Amino acid sequence: MKRKVNLNEITAKEPLKVKTEIQPSVMNLPEEEISDSSPFKLEIEIQKKPAGYQVKGHISGNVELTCSRCLKKFTHHIEQDFEYKLLPTSEIAGGEIKGSDLDIKFSDETVLDLADVAEEQVILNLPVKPVCSEECKEVHYKEWTEDEEKEVDKRWEKLKELKNKLKKE
Ligand SMILES: [Zn+2]
């Protein structure tokens with residue numbers, strides 16, 4: 001399976017197209033969030049531009065996440081198109097970048113590691129608050145116990161005391 005692309009080999013005439021599979025073992029995924037994952041299918045098209053490259057692609061695969069409500073593990077499917085411009089760092093100072101060009105990456109590397117591309121896309125597509133199912137939101141809504149409430153009240157008291165102290169000083 002192809003993992004690295006030599007950008008210097010891409011001509012302006014023809015974009016480079018790669019269809020590959022990236023094993024999670026070669027990716028640096030956050031273990032505290034992703035407990036397991038399938039290999040990722042990655043399709044990518046890289047086109048040479050007057051400055052840099054236009055990168056377009058699609059990623060799909062499954063990751064195992066932990067539900068932030070019930071703490072159970074569940075499978076989250078990732079299926080995402082992506083597109084960005086890859087520009088040499090010399091372009092940073094060029095002033096050519098317009099407000100609409102939001103998806104720009106700067107790099108002077110001549111080799112693009114597709115494992116890095118896949119890794120980045122997986123991380124970008126992780127839910128901020130993973131929830132195993134819609135129903136989980138309602139059923140497992142955590143209610144505070146009386147003890148916990150008292151604990152919070154105590155903390156507020158302490159904070160008030162501290163504030164009063166500061167005022168006096
Ligand atoms: Zn859940």
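This passage walks through the strands, the helix packing and a few single residues of one predicted chain.

Since the model is predicted, local features are taken from residues with pLDDT of at least 70 and side-chain atom pairs count only at pLDDT 80 or more, while totals for chains, interfaces and linings use all residues. Residues are numbered from 1 along each chain as its sequence is written.

Starting with the overall layout, the chain holds eight strands and three helices. Read from the N terminus, the order is β-β-β-β-β-β-β-β-α-α-α. Both kinds of element are DSSP runs numbered from the N terminus: helices are H or I runs of at least four residues, and strands are E runs of at least two. Of the 169 residues in the chain, 14% are buried. Here "buried" means that 20 or more other C-beta atoms lie within 10 Å of a residue's own; "exposed" means 12 or fewer, and "partly exposed" is in between, with C-beta atoms placed from the backbone. As for contacts between residues at least 6 apart in sequence, 60% join residues at least 24 apart. Two residues are in contact if their C-beta atoms, placed from the backbone, lie within 7 Å.

Next come the strands, and β5 is a handy place to begin. Two strands count as paired if DSSP finds at least two bridges between them. Strand β5 (residues 53-66) pairs with β6 (residues 73-87) in the antiparallel sense, over 14 bridges. Within this pairing, I59 sits opposite Q80, and L65 has F74 as its bridge partner. Strand β5 also pairs with β4 through eight bridges, again running antiparallel, and there I44 is matched with G57. The short strand β3 (residues 36-37) joins β5 over two bridges in the antiparallel sense, with S37 opposite V63. Strand β6, for its part, is linked to β7 (residues 104-106) by three bridges, and these two strands run parallel. In that pairing, K85 of β6 is partnered by I104 of β7.

What do the side chains do along β5? They alternate: Y53, V55, G57, I59, G61, V63 and L65 point to one face and are buried, while Q54, K56, H58, S60, N62, E64 and T66 point to the other and are not. In a regular strand, side chains do alternate between the two faces of the sheet.

The turns have their own details. Strands β4 and β5 form a hairpin with four residues between them, and G52 in the turn has a positive phi of about 75 degrees. The hairpin of β5 and β6 has six residues between its strands. L71 lies in the loop there, and its phi is near 65 degrees, a positive value in a residue other than glycine. L71 is also exposed, because only 9 other C-beta atoms lie within 10 Å of its own.

Now for the core. A nonpolar core is a set of buried Ala, Val, Leu, Ile, Met, Phe, Trp, Tyr and Cys residues joined through C-beta atoms within 7 Å. The largest one has 18 residues, and those with the most contacts inside it are I22, F40, L42, I44, L114, V117 and A118. Strand β4 (40-48), strand β5 and helix α1 (114-124) each supply at least two residues of this core. Leaving aside neighbours within four places in sequence, A118 is in contact with I22, M27, F40, L42 and I59.

Helix α1 has L114, A115, V117, A118, Q121 and V122 as its buried residues. Seen down the helix axis, they fall within an arc of 160 degrees, so they line one face of α1; the arc is that of the directions from the helix axis to the C-beta atoms. These buried residues pack against β1 (4-6), β2 (16-22), β4, β5, β6 and β8 (111-113).

Two loop residues round off the picture. P15 sits in the loop between β1 and β2 and is partly exposed, as 16 other C-beta atoms lie within 10 Å. Apart from neighbours within four places in sequence, P15 is in contact with E45, I46 and Q47. P15 and Y53 are 38 residues apart in sequence, yet 9.6 Å apart in space, C-alpha to C-alpha. K129 is found in the loop between α1 and α2 (134-139) and counts as exposed, with 8 C-beta neighbours inside 10 Å. K129 and T66 are 63 residues apart in sequence and 9.6 Å apart in space, C-alpha to C-alpha.
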